[in-house]
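Hi there,

Here is the structure I promised to pass on to you. Please have a look at it first, and then read my notes below.

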Amino acid sequence: MRGALAGYRVCDFTGQLAGVGATKWLAAFGAEVIRIEDPVRQGTWDVLRTMPPYIDERRGVDFGGGFNNHNVEKLGITLNLRTERGRELLGELVQRSDVVTENFAAGVMERLGFGYERLRELKPDIIYVSNCGFGHSGPYREFKTWGPIVQAMSGLTFTSGFPELPPAGWGFSYMDHTGGYYMAIAILLALVHKLCTGEGQWVDLACTEAGLSLNGPALLDYTVNGRPMRRPGMPNSNRSQYPAMAPHGIYPARGEDRWIAIACRDDAEWRALAQVVAEPWTDDPRFASVAGRLEHEDALDARLRSWTRPRERSEMQQALQRARVPAAAVELPEERIEHDPNVAAWGLFPTVKHAKIGAVRVDGLPVHFSRTDWRIERGGPCLGEHNERVFGELLGLSARVIAELRADGVM
């Protein structure tokens with residue numbers, strides 16, 4: 001079965017996750033994604049190459065578990081762009097490609113000699129997609145970013161946490177994932193435009209602005225109503241005022257670090273919850289309506305916690321779901337990945353074969369196509385693993401020439 005993107009070729013300079021997360025989608029759906037890495041630095045611009053997790057005692061640029069996870073189905077070559085011959089070979093690759101992708105800081109591709117104008121000289125209809133913290137225009141264009149910086153600058157960090165405590169943030173690489181998804185969408189839209197018009201273009205993506213776009217309700221509440229997200233009693237990241245729900249949160253269950261999520265969207269679900277709980281406090285008139293439960297939410301949560309804490313989470317989940325109350329046990333990673341039958345049926349964690357690591361499971365994609373589905377079978381590339389294939393089969397270089405280029409430090 002041909003992938004939905006079979007026939008497209010991508011020169012990929014991306015690293016970490018904000019970029020490689022995008023090209024992983026393209027590769028899984030059949031595009032030929034060729035990772036271009038620096039042989040001098042052993043590809044370590046992408047710090048994930050040497051970072052855990054590992055499956056055993058082996059270490060080095062080919063054993064980073066995160067790198068393998070994010071670069072499945074891609075080809076990997078090395079090319080020293082400090083050399084004239086290296087730049088010539090990259091030019092030949094660009095001429096045979098549809099897309100060039102990167103998530104360097106602004107200006108890096110220009111300094112390498114392959115900014116958009118040069119790429120367009122090599123191939124007039126090339127699609128060039130850049131993804132950096134602040135994009136390539138505006139007074140912040142020179143600033144470099146990392147995941148937590150993007151989240152802070154976009155305002156997301158400000159909106160997450162609990163009352164009277166410092167902002168909690170959104171996790172180390174939350175915006176890397178989001179930025180990668182936005183980048184994948186942008187690449188596909190540019191390809192659609194090219195199909196319709198024959199025109200390539202520069203797609204300039206700013207990851208901080210991508211984060212800012214997720215703040216719509218909070219920004220609207222401030223600009224229209226003058227209410228900042230962080231004010232007395234706010235935010236409480238477990239609770240929901242819009243739409244109004246109470247109870248709405250994560251509650252302790254029996255055992256160490258065991259929890260259950262419970263939400264009541266209306267008074268009917270509250271009454272159903274009360275029947276399951278079957279304790280006198282559920283008859284408190286303060287809790288009879290959504291408005292009352294929101295007004296006395298601290299007291300409500302305290303009562304509900306006292307009910308959930310001694311009980312087993314899966315038993316509560318089953319009882320509440322039978323009563324048509326939204327509830328779910330908070331699963332541990334092992335439970336979700338290893339033992340959840342729906343995850344297994346979906347095929348969310350396929351096994352790939354990596355040239356050195358061996359057989360290992362990786363993240364699949366949370367979507368299936370009935371006719372042109374994704375395929376993830378090959379692990380991420382070892383450093384320069386596909387030099388012979390790309391330079392030999394695609395560019396037509398002989399084994400002798402490839403060996404000479406390697407000896408000369410070009411690859």
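Gln42 is partly exposed, with a relative accessible area of 39%. What drew me to Gln42 is its backbone: phi is positive, at about 55 degrees, although this residue is not a glycine. Gln42 sits in the loop between S2 and H2. Please keep in mind that this is a predicted model.

That loop has something else to show you. Pro53 also lies between strand S2 (32-37) and helix H2 (65-70), and the peptide bond joining Pro52 and Pro53 is cis, with omega about 15 degrees.

Both features have a counterpart elsewhere in the chain. Glu164 is another non-glycine residue with a positive phi, here about 65 degrees. You will find Glu164 in the loop that links helix H6 (147-154) and helix H7 (174-197). Is Glu164 buried or exposed? Glu164 is exposed, with a relative accessible area of 68%. As for cis peptide bonds, Tyr242 and Pro243 are joined by one with omega near 0 degrees. Pro243 belongs to the loop between helix H9 (216-225) and S7.

S7 brings us to a sheet. Three strands form an open sheet in the order S7-S8-S9, and their pairing is antiparallel. Strand S7 (248-252) and strand S9 (327-329) are the edges, each pairing on one side only. From one strand to the next, the twist averages 20 degrees. How many bridges join S7 to strand S8? There are 5, and S8 covers residues 259-263. One pairing to look up is Pro252, whose bridge partner in S8 is Trp259. Helix H12 (residues 297-308) lies across S7 and S8, and runs at about 35 degrees to S7.

Now for the chain as a whole. It has 17 helices and 11 strands, and its C-alpha atoms fill a box of roughly 85 × 45 × 40 Å along the principal axes. Of the 411 residues, 47% are buried. Taking contacts between residues at least 6 apart in sequence, 67% join residues at least 24 apart. The accessible surface comes to about 20400 Å², with 56% of that belonging to carbon and sulfur atoms. Finally, the chain carries 47 positive and 52 negative charges, and the mean positions of these two sets are 1 Å apart.

Happy browsing, and do write back with any thoughts.

Best wishes

Key
Residues are numbered from 1 along each chain as its sequence is written. This is a predicted model: local features need pLDDT of at least 70, side-chain atom pairs count only at pLDDT 80 or more; totals for chains, interfaces and linings use all residues. Side-chain values use heavy atoms; hydrogens and water are left out. Helices (H or I, at least four residues) and strands (E, at least two) are DSSP runs, numbered from the N terminus. Buried means under 20% relative accessible area, exposed over 50%, partly exposed in between (1.4 Å probe, protein chains only). Contact means heavy atoms within 4.5 Å. Accessible areas come from the Shrake-Rupley method with a 1.4 Å probe; for residues, only the protein chains shown count as cover. Lys and Arg count as positive and Asp and Glu as negative; His and the chain ends are not counted. The place of a charge is taken as NZ of Lys, CZ of Arg, CG of Asp or CD of Glu. Two strands pair if DSSP finds at least two bridges between them. Axes are lines fitted to C-alpha atoms, for helices over the stretch in contact, and angles run from 0 to 180 degrees between N-to-C directions.
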